[in-house]
2 protein chains.
Amino acid sequence: MSKGLTSREEDYSQWYNELVGKADMAEHSAVRGCMVIKPYGYAIWENMQAALDKMFKDTGHSNAYFPLFIPKSFFSKEASHVEGFATECAVVTHYRLKNDGNGNIIVDEDAKLEEELIVRPTSETIIWNTYKGWIQSYRDLPILVNQWANVVRWEMRTRLFLRTAEFLWQEGHTAHASSQEAIEETERMLEVYADFAENWMALPVVRGKKTANERFAGALDTYCIEALMQDGKALQAGTSHFLGQNFAKAFDVKFTSKEGKLDYVWATSWGVSTRLIGALIMAHSDDSGLILPPKLAPIQVVIVPIYRSDEELDKISAIAKELAAELKLKNISVKYDDRDTLRPGFKFAEYEMKGVPVRLAIGGRDLENGTIEIARRDTKEKQTISRDGLVLHIEELLVDIQNSIFKKALNFREENTREANSYEEFKELLDTKAGFISAHWDGTPETEKQIKDETKATIRCIPLNNKLENGHCIVTGNPSTQRVLFARAY
Amino acid sequence: MSKGLTSREEDYSQWYNELVGKADMAEHSAVRGCMVIKPYGYAIWENMQAALDKMFKDTGHSNAYFPLFIPKSFFSKEASHVEGFATECAVVTHYRLKNDGNGNIIVDEDAKLEEELIVRPTSETIIWNTYKGWIQSYRDLPILVNQWANVVRWEMRTRLFLRTAEFLWQEGHTAHASSQEAIEETERMLEVYADFAENWMALPVVRGKKTANERFAGALDTYCIEALMQDGKALQAGTSHFLGQNFAKAFDVKFTSKEGKLDYVWATSWGVSTRLIGALIMAHSDDSGLILPPKLAPIQVVIVPIYRSDEELDKISAIAKELAAELKLKNISVKYDDRDTLRPGFKFAEYEMKGVPVRLAIGGRDLENGTIEIARRDTKEKQTISRDGLVLHIEELLVDIQNSIFKKALNFREENTREANSYEEFKELLDTKAGFISAHWDGTPETEKQIKDETKATIRCIPLNNKLENGHCIVTGNPSTQRVLFARAY
């Protein structure tokens, strides 16, 4: 807290890294690529988990837990799946250490596994191997299961929350008796994610489908929600996959239908991760620190006393504690910070850095006047108001902040979504303004790859409910019936 | 559900294994020693987590998350710690797979780690390496952090919930400025565990300290809660460790005290795991299935309709749904099971197997009489009562069941805690009655080991607030000032 942040303007990436540290969210660990999520960052994850978990349960899902380890042979069973994950797998080969006699701890070569185990990068294979034992008939379907877990994908270039070798996530894995039912589930969960992003994270998202190139390894269709960060780069915030019968075939999972016919089971999987915390930070925060939407803020209201004597502090504390109790009754999380070793200005800066949505200050004059100073983090507006009716005022203010943050992010996205009608225009927009670029594309993986290689922009998605529009691919000039959304992305 | 369980009398171990399967709690996975926790079993874990998490937060702790992997060198830093865990460590040695060109997926030898990584069996080392960066002064203390996580200890003989290679747990890791404060924390968390065991799990526990032989690897003192299972074997249900300055010294974590003196930081750690689910099952359940304490039951009340026509079902459903809504308002979790493919008797057996505390049945005669049949799982008592005042009756019944289960388990433990005053008596009690045996011991590790080798009984704990009593060690005859508690244990 000793000094401010590098500004976003100056160096967005540096701003992000400093902010994650100074807001006490997370730090790099001694293990390459693995992060430590500190209590303040983890509290945001807990709030996300609680909201998402309720949404999953409200849509009929239960939680379960599957093994951390996956036998190597399971990976080979679904060809495109193993191809997608093989290059980033942590492999367990031994199950014992020993002392070499000279006081050194070494791996015991007598304890080598017959078959290596992979630390799960995702759990389709171990779960579908398990589902084989659970499913015989249509009566056993659907299976609607979710798992909260850690996963490992060996990344060489890591950034806290955005890309780490180990991360926390949830992965839903469902099994269905028909293709249609599985597709409906895939779409339902995409909508749950979009709802969560917009109404909890205050993060507007585009709902869409990935192109074949960008699909999950093993999926027939990958749906996604895409958000725009303040530096004009896109971030994939959640994915929902229609897996068809690929994993059922790989693990031989069949069911007898109502009509007595034997068929392979239909599957979906869907996940969001601690990456969302990175999105939350990058979408809303400013050069003074985090800006958190009230619905996910670990502390929604902080009260800081400003006093010249112990006697004055006592009087302020009495008011603060009564107020805190009233707010708690309304399920508003509140902290009264009466640490006597720090000056109010220092505390103000700390809670700005940590993105606490509402700050209250009570000083000597407020005691006399029955007032309180109230400051909102997002706009930094301050007001001195009467303590009468304060709780109701704060309730409304928290709603207003939640909505304002969303609207601000939505305006930003709208201002930064532009159409390009030629490759020249496309490249210029990318380099000068970034943001989403809506453009015609001929539908081939080759053109998509060429654009990626030449500009680092990828097709973020083909938006759902896209309007049809005849046009020509910006690269090849071939006919196209709809625009797709490009961006450089995290 | 097709047939009943082996009885406890016949084969307790077999009874347990069958019950875990038939109650849909968990199953073995394709990965040696790792279990799949099924939705019904996981729902119990979620209820345990929610209750414990609140207790941790009410005592000032926050959650955080530390890496799954621990560099091998970290383990070597605390000598007794590595000795305790080295023989059961899963070791990651590579970070990539590849296709060998013949379609086989093999480990890529070009992707060998410079230093092997251990999948955490417990996190003291990685956490104290992290705390080094968090602690400079007494102002940074205490650190009161908990982590919910998976851990791996390579076990050769596994049993669902009781002993598995991977299990879920929480591990608290706290840092303090004085020995006294750390000891107080150790004791406080033991009391939290005892409170949880007794008031949520309905499981009476003995609070005590482990002998030096049985301490956690790296601890100066290990406190524990010990419970008695229905077969007379003991089960360690939770431990809280006073670690002294061992880990601070191993990772060089010092702080400046208020007086300006530099000293090593004092530590505690404490944990409970999914093993508690095994304890819950074994302590209360009977030959018809699970008996769950209402406070942890995923379904507290089930309603089963008994009908001869669709018209009758409609009337019953109307009543059942209204009742379910009223119960939900009281935060009672309720399921209305109107599946039309199964007979009521089948459903009754299923909910008995799953330990649902209260079962309601509504039939044709109940429609006429305004009554309902209510059955409690623990005693299997049934009553037909008026629907008026039913919600209040159920609320009281759930409290009564919770208390009854606890009292039954407490009576069982009291009846099965016996004094032995000679080694002969000790061995006879062990072989004929099992249970806890309270006996004098000379305080030496050698005698303790001899007893263990000869009888398989271990000292479960030296009870806290043990009364002093002069006596003689049952083995050596040497003088002793207090009895300690022995048992064969899980």
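**Exercise 1.** Starting from A:A375, find which residue stands opposite in β21(A), and place this pair within its sheet.

*Solution.* A:A375 stands opposite A:K382 in β21(A), where strands are DSSP runs of E with at least two residues, numbered from the N terminus. The model is a predicted one, in which local features need pLDDT of at least 70, side-chain atom pairs count only at pLDDT 80 or more, and totals for chains, interfaces and linings use all residues. Residues are numbered from 1 along each chain as its sequence is written, chains are lettered from A and ligands numbered from 1 in the order in which they are written, and side-chain values use heavy atoms, leaving out hydrogens and water. Next, strand β20 (residues 371-376) of chain A runs antiparallel to β21(A) and is joined to β21(A) by 5 bridges; two strands pair if DSSP finds at least two bridges between them. Finally, the open sheet of chain A contains 5 strands in the order β18-β17-β19-β20-β21, with mixed pairing, and its edge strands, each pairing on one side only, are β18 (334-336) and β21 (382-386).

**Exercise 2.** Determine which strand of chain B is joined to β5 of chain A, and then continue within chain B.

*Solution.* Strand β5 (residues 91-94) of chain A is joined by 3 bridges to strand β5 (residues 91-94) of chain B, and the two run antiparallel; here A:V92 stands opposite B:V92. Within chain B, β5(B) pairs in the antiparallel sense with strand β8 (residues 112-119) over 3 bridges, and B:K112 in β8(B) is the bridge partner of B:H94.

Methods. Helix = DSSP H or I, 4+ residues; strand = E, 2+ residues; numbered from the N terminus.
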